[in-house]
Amino acid sequence: MSSNNANARAYWKENVKYLLILLSVWFIVSYGAGILFKEALNEIKVGGFRLGFWFAQQGAIYVFVILIFIYVRLMNKLDKKYGYDKDDSNLNDKSN
């Protein structure tokens, strides 16, 4: 196996790991806080609204947007780690 191929496999393996972790967090927040733990969270009020209701209506969306920014930051670090943060001239040379 070539060095580039092994590098690409390691890159995608780490990328998929990040995706699974972040999507799991989003699932737990949206499904767990908005549906499963709604009754327990409704005992807490935020800005006059019950916390379970707030998570179901807005909280999951806010968490998703925050996770997008976290994913961008993680991917920028991952690109630098594996050398994919350079310009696209290397990619264009291989396609010709």
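**Notebook: nonpolar patch, cores and helix α3**

I looked first at the surface, where α1 and α3 each supply at least two residues of the nonpolar patch; helices here are DSSP runs of H or I with at least four residues, strands are runs of E with at least two, and both are numbered from the N terminus. I note that this is a predicted model, in which local features need pLDDT of at least 70 and side-chain atom pairs count only at pLDDT 80 or more, while totals for chains, interfaces and linings use all residues. Residues are numbered from 1 along each chain as its sequence is written, and side-chain values use heavy atoms, with hydrogens and water left out.

I listed the patch members as L19, L23, W26, I61, F64, V65, I68, F69 and V72, which together have about 800 Å² of accessible area (Shrake-Rupley method, 1.4 Å probe, with only the protein chains shown counting as cover for residues). A patch takes residues with over 30% relative accessible area and no salt bridge, nonpolar side chains (Val, Leu, Ile, Met, Phe, Trp, Tyr) being joined within 5 Å and like charges within 9 Å; a salt bridge is a side-chain nitrogen of Lys or Arg within 4 Å of a carboxyl oxygen of Asp or Glu. I found that α3 gives the most to the patch, with six residues.

I checked I68, which is found in α3, and it counts as partly exposed because its relative accessibility is 40% (buried is under 20%, exposed over 50%, partly exposed in between, with a 1.4 Å probe and protein chains only).

I then turned to the interior, where the largest nonpolar core has eight residues, L22, V29, A33, L41, L51, F55, V63 and L67; such a core is a set of buried Ala, Val, Leu, Ile, Met, Phe, Trp, Tyr and Cys residues joined through side-chain atoms within 4.5 Å. Both α1 (3–36) and α3 (51–82) supply at least two residues each to this core, and α3 gives the most, with four. A second, separate core of five residues includes Y11, Y18, M75 and L78.

I followed α3 along its length and recorded a bend of about 55° at Q58, taken as the angle between axes fitted to the seven residues ending there and the seven starting there. The buried residues of α3 pack against α1, α2 (38–41), β1 (45–46) and β2 (49–50), where contact means heavy atoms within 4.5 Å. After α3 comes G83, whose phi is positive, near 80°.

For the whole chain, I noted four helices and two strands, with buried residues making up 23% of the 96 residues.
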